[in-house]
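Please look through the sequence and the model shown here. The paragraphs after it go from the whole chain to its parts.

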Amino acid sequence: MKLEQIKIKSIDEIREEMIETVTCSKSDIFLISEQCRQDYEKLKNELAEIKQTMAKLMEEEGQLQTQVNQARNRLSQVSRDFKNFSEEEVRVAYEKAHQLQMDLSINWQFKKQLLEKSNDLEHRLIGLSETIERADQLISQISVVMNYLQSDLKYFGEAYENAKAKQDFGLKIIEAQEEERKRLSREIHDGPAQMLANVIVRSDLIDRVYREDGPEATLNEIQSFKKMVRSALYEVRRIIYDLRPMALDDLGLVPTLRKYLRTIEEYHNQSRIDFENIGLENRLPTKYEVALFRMIQESVQNALKHANACQIKVRLEISNTAVAVLIKDNGVGFDLNKKKPDSFGIIGMKERVDLLNGEITFDSKIGKGTEIFIRVPLIN
């Protein structure tokens, strides 16, 4: 079949689609940034109100402490010369001292709760500030990409000679973008979105518990509430980390892998992930570091999510001529000859290896775990 007969999209058409997609992504990030800014202001105002309340409590505490000391002195006097006081005077002295001590104790408990809430809000403000800063950086980076797409890339079609390769190239980019959006949408819906909905419900519950069961029960409920909020914050940070770990650019492949696998192990506390680097810790070209990180990430996630593995071993060896990676798990395994129609994980890993002129092999049997071996030559 002649190339002229193949109905394919031109590079210019693909470029326009990419520009449209990147523009939409920039708008989405901008909306996230603005929402974070609004949340930041709300939390900032809430923190200011809490600090005002704490200041009032401290002032009340000083007054109560003075009254308690006076009541104790009165009680001491009554106890010492109880014959000179009537039974009613003795009872009143004891009840007043007891009531003031209770008021002071409630003041301390409420102040302690507000202090914990204040600390939690400050941590959340720090997290939101980091998210806003990262979003601003992403918007700036996307602007650079937009300039590149709108200028330099328009000449790319002239240098690209194979029409079929043009079509595959553009379609893979768009498909990868859509798959990534689909995955992110699912993770946010199943993770942080559900947790934040529960946070709203639990916040109303705390108010009711305080009115009905008192400060002690409320304190327990607040502790549980804090764990839920921390879990939601962890999920958000994990999703951001999965998008693009900043440490990969700053520190390189080995430190980033070590931190990432340790974080994943902590999150899946029923599973153990052993990482071993038996080679060099040299920095690699960016395309190698990104591709290798993504393939290891995909392998580990598959072992945890689909293979139900409780033990995963990742061994990395960087030499002057090649990079070798072995990922081994004790999960349920799978049939290499049986393909799932909606599964693109293995296909994507093979394509990444092919782009680096490397090789990848899979060894898996039902009930006996999976081994993945990757070898990528380094071009000097």
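The protein chain has nine helices and five strands. The model is a predicted one. Read from the N terminus, the elements follow the order α-α-α-α-α-α-α-β-α-β-β-α-β-β. The chain counts 380 residues, and 35% of them are buried. Its exposed surface comes to about 24100 Å², of which carbon and sulfur atoms supply 52%. Among contacts with a separation of 6 or more, 73% are between residues 24 or more positions apart.

One residue to look at in the helical part is M102, which lies in helix 2, residues 87–150. M102 has a relative accessible area of 40% and is therefore partly exposed, since that class lies between the 20% limit for buried and the 50% limit for exposed. In sequence, M102 and V68 are 34 residues apart, and their C-alpha atoms are 9.8 Å apart in space.

Next comes the sheet. The five strands form an open sheet with the order 1-2-3-5-4 and mixed pairing. Strand 1 (272–277) and strand 4 are at the edges, and each has a single partner strand, so one side of each has no neighbour in the sheet. On average, neighbouring strands of this sheet are turned by 10° against each other, direction ignored.

The pairings can be followed across the sheet, beginning at strand 1. Strand 1 and strand 2 run parallel and are joined by six bridges. In this pairing, R272 stands opposite Q311 of strand 2. To get from strand 1 to strand 2 the chain passes through helix 8, and this β-α-β crossover is left-handed. Helix 7 lies across strand 1 and strand 2, and runs at about 170° to strand 1.

Strand 2 and strand 3 run antiparallel, with seven bridges between them. A hairpin of three residues joins strand 2 to strand 3. E317 stands opposite A324 in strand 3. Strand 3 also pairs with strand 5, in the antiparallel sense and over eight bridges. Within that pairing, I327 has I372 of strand 5 as its bridge partner.

The remaining pairing is that of strand 4 with strand 5, which is antiparallel and has six bridges. Two of its partnerships can be named: E359 is the bridge partner of R375, and T361 that of F373. The hairpin of these two strands has five residues between the strands, and in it G367 takes a positive phi near 80°.

Which residues of strand 2 and strand 5 lie on a covered face, and which on an uncovered one? In strand 2, I312, V314, L316 and I318 make up the covered face, while Q311, K313, R315 and E317 make up the uncovered face. In strand 5, the covered face holds T370, I372, I374 and V376, and the uncovered face holds E371, F373, R375 and P377.

The largest nonpolar core has 36 residues, and L292, V300, I312 and I374 are those that touch the most other members. Several elements supply at least two residues each to this core: helix 7 (253–267), helix 8 (286–305), strand 2 (311–318), strand 3 (322–329), helix 9 (345–355), strand 4 (359–364) and strand 5 (370–377). Helix 8 gives the most, with 10 residues. Two of the residues named for this core were met above on covered faces: I312 in strand 2 and I374 in strand 5.

The surroundings of V300 show some of these contacts in detail. Leaving aside residues up to four places away in sequence, V300 touches L261, I264, I273, I312 and V314. I312 and V314 belong to the covered face of strand 2.

S299 lies in helix 8. Is S299 buried or exposed? S299 has 4% relative accessibility, and because buried means under 20%, S299 counts as buried. With residues up to four places away in sequence again left out, S299 touches I327, M349 and I372. Of these, I327 and I372 are the bridge partners already met in the pairing of strand 3 and strand 5.

Methods
Residues numbered from 1 in each chain as written. Predicted model: local features only at pLDDT ≥ 70, side-chain atom pairs only at ≥ 80, totals over all residues. Heavy atoms only, no water. Helix = DSSP H or I, 4+ residues; strand = E, 2+ residues; numbered from the N terminus. Buried < 20%, exposed > 50% of the residue type's maximum accessible area, 1.4 Å probe, protein only. Core = buried A, V, L, I, M, F, W, Y, C linked by side-chain atoms within 4.5 Å. Contact = heavy atoms within 4.5 Å. Pairing = 2+ DSSP bridges. Axes fitted to C-alpha atoms, helices over the stretch in contact; angles between N-to-C directions. Right-handed = clockwise from strand over helix to strand, strands pointing away. Areas by Shrake-Rupley, 256 points an atom, 1.4 Å probe, with all protein chains shown as cover.
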